[in-house]
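This report is meant to be read alongside the sequence and the three-dimensional view. Please keep both at hand while reading.

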Amino acid sequence: MEEGSEGMEGTDSSRAETSSPETTTDGEPMTVDAGDVLTSVALQVVVPTMEAFVSATTELEAATSAHLADITATPDDAAETLATTQDAFRRGMEAWQMLEVMQIGPAGAEATVLAGESLRDEIYSWPSVSTCRIDQRIADEGYAADDFFSANLINAYGIAALEYLVFEHGSDHTCAPQVQLDGPWTALGVVEIERRRSAYAQVLAQELLRRASDLASRWSPDGGNFAGALASPGEGTSPYPDETTALNEIFRAMFYVDKLAKDAKVGRALGIADGCAAVPCPDLFESPYAGLAGPALVANLRGLQQLVTGGADPATSAGFDDLLVAAGQPEIAESLLADIAATITLIEGIGDTTLQALVGSDMASVQAIYDAIKRITDTLKGPFVMTLRLSVPSEGGIDND
Amino acid sequence: MVVDTSERVYWPYLLSSLALAIVVLGPRHGLAELRRGLITSRLWTHTSARTDFGLLFAKAILTGLFRIPWIAATITATLWITFALERWLGAMPEPTWSPWAITWLYTLVLFVAWDLSRFVVHWLSHAISWLWAFHQVHHSAEVLNPLTLYRTHPVESMLYDLRGLATTAMISGFFLYLFRGHAIELQMLGINALGFTFNFLGGNLRHSEVWLRFGRWERWFLSPAQHQMHHGRTLSHQQSNYGTWLAIWDRCLGTWQPSPPQPIESFGLDDANHRPDSVMSALLGPFVEVTRLFVTRRRRAWGTTALIVGIGVGSASSPAHGAPPAEAAPTAPTPPSTTTSPPVDRDPPSTATPPPSESAPPDTPPNDPPPGPPSTATQSPSSNPPPNDPVEPPPTAPTATVPPSTVPPSTAPPSTAPPSTVPPAGVEGAPSEATTPPPTVRPAPVSPPPPDDAVDFELESDDVAAPSTATESAITRPKPEAAEPKRVDYDLALDSISVIGLGEQPRIAGSAHAIEEKELERKEYDDIHRVLGSVPGVYIREEDGYGLRPNIGLRGASSDRSSKVTLMEDGILLAPAPYSAPAAYYFPLVTRLVGVRVFKGPASIRFGPNTIGGAIDLRTRTIPTKMTAGIDAALGMRGYGKGHGYWGTSGKRWGVLLEGAHIQSNGFKELDGGGDTGFSKSELMVKARYNTDPGRRVYQQVEVKGGYARERSLETYLGIADTDFDDTPYRRYVGSQKDNMTWWRSQAQLSYLVARGSFVDFEATAYRNDFHRVWTKFNRFRSPIDIRDILANPDSGQTAVLYSVLTGTEDSLDPDQTLLIGTNDRTYFSQGIATVLHIRPTWRWLDQEIEFGARLHNDQIRRKHTEDGYLMLSRTLVPEGTETDVTTRNIGSAVAGAFHLVDTLKIKQLSSRPNGAEITLTPGARVEVIKTSFDDQLVDAQSSDVNTVFIPGIGFHVQALPWLGVLAGVHSGFSPVSPGQADDVKSEKSINYEAGGRLFYRTNTTATRVEAIGFFNDYSNLTSECTFSTGCSDSMINQQFNAGSVFVYGVEATASERIELPKRHFIDLGASYTYTGSQFRSTFTSENPLYLDVEEGDELPYVPEHLLWVHLGVGGKIWEAELVGSYMGAMRDVAGQGPISTLERVAPHFVADFNVHVAVTRRASLYLTIDNLANTAYMVSRRPFGPRPGMPFQLMGGFKYVIA
């Protein structure tokens, strides 16, 4: 992949016509190089997924605004707009969960990711969520302050805080007694608390949209073109000195499935990963208010799937699977993609039952989900990384089990 | 027997002996001599000869009975040693040497070992009462014929056989192991080829009366005449020439004597314990005497036996009959002399000189009363007059130059002590005594005119002026004046080894620095970092501000936990497990140290295993020669308190010392929410010594040392964020509120010293140190985000949340916010035996000190690391309730054999001027054979490794002018691989070069000293080890990494000026400066947080480019004040080049300290010290976890009272 950011779309379409990642016209394995994979991941995976997230947050922002207007006008009859908001939240959440496995560049952690700016934490801070801080801001209406986002930690805003505001409607706050919130909280009254929740949610949704748009713009070839930087390592202002480094950065992002999806999102509740004092720990699942732990996992895996294949359409994309084929190890790619698909099917098979509920009644099913994800990560850490000569990130090197 | 090649009376040997006599003496004279001395009926029919035959017959029965079992035992012992070595050190690879080389080496070593062991047993047979009782049987022969060889008591024969078994088994076992069975002895007719040769060359004439001399060759090979001389009736003859084949052993021990021109006329003993002509008497007489010895003198016998059993060498007692052991009846006494006396040859140097007369010995030991009669054969040591009371040094003596703890005042007044025994008058231009200038002129020994005959090898001079080689390890036992008492504490003498800072500029090859007791006491530092501040080339990364766990590096060697420096206390490895886990978690309380010595350059190869940077030896108080006691109490800011006391005394044959010290503080860091951050540390030490009469020629000493120390320190690895450091540098986050280290350490040492004058000494020390530490401290959050990233980014994203939890402003709300507090429980031991032998021969214009050291060492570390989760709830750490996680459980151990040989050659008299040019050359080498083992009990994996390394080095010093010296040196640097490392991890190796000059100029009122040394260390592989303190995660702890080729270079310079003013006032000025540059020579990525992504040209972390120390001292008769400033340049936290980024920069800082002492009375003094006079807030390090401060303004006042 020699081209720079300019004309990237054109070259991409030409590749789609002439090069299948799987086979050539005469049936021989297609030769795909690292540059092709970087380009494909940047333009066919990350950029479209971000655009989808922007679309979802746009919808979410609109829904929260509508709900705020509704509840302000008719405090006792805003259930419909609330339901709309909750639906919009679910779509937004699933769109973001695709991006959770794509913490490459600005979204990544500043300390550990090349060109990372920790923008992910500004959008989704899980597991850092402080419902008490959110309740405090409700009580003092701090969310309305101009410096709200600079004066508060990420545990009081972002998608996770939004979930609490949109899905939790109890009359009590969640602070410990020593915080002494009882008085101010009770003084507000239920109606005002609900209004403030809606207003708070709307502020967060607005900020979310701004952040999402900003991040997407940073990636867009029409904007900051970080996609071009990823696709063209060693050129211009690309933070990646070479293709190997860039591939390793994508590979590092994929390890989200190991440390977060497998361990933090499932393993902790089962007591496999550290943090659960009395097994099981249903409170340690993600999305406790919306019950989206299962769908979030599915979205994570779909994101991983796309990184592996290099895009939604295998016919036009170049991914790690193609590199494996080129390396003469197609069975690794097949096995990996099959395991991902099987795990998605397994999780989707639990239907509307939340993982929180399931772990109490059928822990074996949750264990099966954990095991299925582990098969994926074992492949990633083993044959996948060895064949492609990638580097296992330090945080992914050791299993706690 | 005469057909047994292993017997000396094998017929060809007999014939060859006859032939040799004819060849050497000429046909005519030879035949005549043979007729006179061998082929004469008198020798074979004498009653004494009949006893020879009788004993031969009696013992033949025993020999026949035991021969086969004896051979079997030898083979068994050999194989046992071979297998034991394999078990301890692992199998050796197939040898690459040629078989001939192995065979010759084996043959030679076996021959030398046999000869040496024979010599030792023979010498002991004369030196130890009960052995002498049996050996008299051999010496009572009144005529000598070849069969007299077998005229030995069966007990003695058995002793010799045991010696043979042990020697053969040890040497053969070692060679079998080393060369995997390829070691084959070169034999001639079934015996060692060299032994065959020597037997062939006249061995039989040793026991004959054929007076065959070797002339000049007698200096190397003992002639038959010399052995016949040994059988002479006079004591001086009997106590000479103990050797069999080689003369070198006698020369080393000073017992070598050339054969006189005329034959010895009378053999035998005047007062044997048996009748010389009776076999039965010869068999029983010795038993009777031993019984008598035991009954009548059981105390002495017990002591002797204990020494022999426990140590295996030496006794001070003398037999009641016959010739007394050597030290009881010195035959070569020396007239009392002064330091200006020339050395006196104890032995007649030439054939022109008459042989020593029994009635008029040429010299008398200085300890014997000069006017008294010479010792007689029956005189026992107990009959010697008791020593006088110690005599105080003259009031005008510059006591600062001779601290009472290092040189007994009664025996070595400073004005007379040899220069090398005089400790420095303050190191590096810091004279330690305000009242008197240090000695201006080193006594220049005037050598006697070289003898014009063969005997120009100076064996030993017992006079005071015996010229020491004055090298960095010269051991010179202080010699008493004639009228002085004889009490000499040899251990004290050992401690007077002076490295540098002599009255004038040191004339040593290689850079070394010493800080002596006076300077330590004056500054009242309790922090080793501040103590070493004045030594150039020493890099210090502080950690806790008190120096509890120092990080010392030398010349670019990593400072992390001082693990690349060989740390010693009194010459014994100090770290809890120097080979298995060299991190120095234990460090002695500086307040009880009386000296700190830093060795760099070639000087460091004496000490191992780390020779890259060098070695630091911490000297503790020695047993005083008279009752001495002292107390030191101090109070200071922040709950600082110090109590220190010691008491010691000595008798004629014993000494004891008790010492205890305690220091505590509430700490200067301010814990969020309040709380103590200080420490409490206590140490006890006891020493006891038993010694022989110091005035005896052979001095022996047994010393035991025991110690116990413990510490509780509320110390943490957690630093603070840069933003906080700017505002509140002494803040400590509440997340570290549970951090706490406790440890205890015990030490035990048993040392044995034997010395003969200043000519030869041998010391063996068995040691065992146990150390157990438990450090509970904040390790990390469960979140994978590194704590240093949290501190570097406390304002955004997840790190801001975790920072808030760490500081208690947010509660822990999810498992990632759980604080993991680790308990690193480690148990160590370190044990071994260290021996060192010094021989100081003098040969015309050449002084030599040959040092041979051997150490067998074993250490081990057992790690059990656990982590527990804690939640931050309302600024309090609350257990999370999860199970304790065992993160590490392993055992690392090491067995190491280390040997070193260093020869210090001082070439004198290069010109006719008294202070003419002088060259000192110090070649040496060290060999380390290290076997490491590692058992990872968590994953049930074991590994082991064997590493052998050869570390050569050479130092060179030319005293070109009296005021100018030039030095240069090169040596191999080495640091071993720890147990359990990956196969590709290599040991750290380098070639280190140094060169420089020293200038010293003195007038009546000033002394100027300048030294500048450049160094260049060429690392072929630099290694780094992951520790918690460098910020490594638990999974990486103890892992070593190769860092490839590195250049480290720099300049060390010191200068000082002392100005004497009227009325004993003075001004001291001093400065030292170090420039260090470093460059990685390759590009690589390391998992060690100190290195990370290294590019060629990057500089080493934590090596400041500039270090400066300045000093101003003023004082008068009873007072002294000092201002010290130290500047440390910027340091990198991570390897890199160019400007240092803010978050990786340890900013430069300058700190000034002040102290003043006032002597209230002769014994009592008051002092006041201020650390960090300007109350500068400065960063000492960014490790382990974030920036941490140095100590702020600290005022302390104290009181001392010393009885001495």
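The sections below describe chain B as a whole, then a run of paired strands, and then a few individual residues.

## Chain B as a whole

The structure discussed here is a predicted model. Chain B has 1204 residues, of which 63% count as buried. Its secondary structure comes to 19 helices and 44 strands.

The accessible surface of chain B is about 42400 Å², and carbon and sulfur atoms account for 64% of that area. Among the contacts in chain B with a separation of 6 or more, 71% are between residues 24 or more positions apart.

## A series of antiparallel strands

Strand β26 of chain B covers residues 941-961, and strand β27 of chain B covers residues 964-975. These two strands run antiparallel and are joined by 7 bridges. A hairpin with 2 residues connects β26(B) to β27(B). One of the pairs places I954(B) opposite V970(B), which belongs to β27(B).

The series continues with strand β28 of chain B, residues 988-1002, which is joined to β27(B) by 12 bridges in the antiparallel sense. Here V966(B) has G997(B) of β28(B) as its bridge partner. In turn, β28(B) runs antiparallel to β29(B), with 14 bridges between them. A hairpin is formed by β28(B) and β29(B), with 3 residues between the strands.

On to the next pairing: β29(B) and strand β32 of chain B, residues 1046-1061, are antiparallel and share 14 bridges. Within this pairing, T1006(B) stands opposite I1059(B) of β32(B).

## T1008(B) in strand β29

T1008(B) is found in strand β29 of chain B, which spans residues 1006-1021. Which residue is the bridge partner of Y1001(B) in β29(B)? The partner is T1008(B).

Leaving aside neighbours within four places in sequence, T1008(B) is in contact with L999(B), F1000(B), Y1001(B), S1056(B) and E1057(B). With E1057(B) there is a polar contact between the two side chains, at 2.4 Å. By way of a long-range reference, the C-alpha atoms of T1008(B) and L31(B) are separated by 71 Å, and these residues are 977 places apart along the chain.

## T167(B) in helix α7

T167(B) has its place in helix α7 of chain B, which covers residues 154-178. Is T167(B) buried or exposed? Its relative accessible area is 7%, and T167(B) is therefore buried, as the limit for a buried residue is under 20%.

The side chain of T167(B) takes part in two pairings of polar atoms. One is a polar contact with the side chain of S117(B), at 3.3 Å. In the other, a polar atom of the T167(B) side chain lies 2.7 Å from the backbone oxygen of R163(B). Beyond the neighbours within four places in sequence, T167(B) is in contact with A113(B), W114(B) and S117(B).

## A nonpolar patch on the surface

A nonpolar surface patch of about 590 Å² is formed by seven named residues of chain B: I631(B), I1118(B), W1119(B), V1158(B), V1160(B), L1166(B) and F1199(B).

One member of the patch, W1119(B), lies in strand β37 of chain B, residues 1119-1128. Why is W1119(B) described as partly exposed? The relative accessible area of W1119(B) is 33%, and the partly exposed class lies between the buried limit of 20% and the exposed limit of 50%.

Terms used:
Residues numbered from 1 in each chain as written. Chains lettered and ligands numbered in written order. Predicted model: local features only at pLDDT ≥ 70, side-chain atom pairs only at ≥ 80, totals over all residues. Heavy atoms only, no water. Patch = residues over 30% accessible without salt bridge, like charges linked within 9 Å, V, L, I, M, F, W, Y side chains within 5 Å. Areas by Shrake-Rupley, 256 points an atom, 1.4 Å probe, with all protein chains shown as cover. Salt bridge = Lys/Arg side-chain N within 4 Å of Asp/Glu carboxyl O. Helix = DSSP H or I, 4+ residues; strand = E, 2+ residues; numbered from the N terminus. Buried < 20%, exposed > 50% of the residue type's maximum accessible area, 1.4 Å probe, protein only. Contact = heavy atoms within 4.5 Å. Polar contact = N/O pair within 3.5 Å; in protein donor to acceptor, adjacent residues only side chain to side chain. Pairing = 2+ DSSP bridges.
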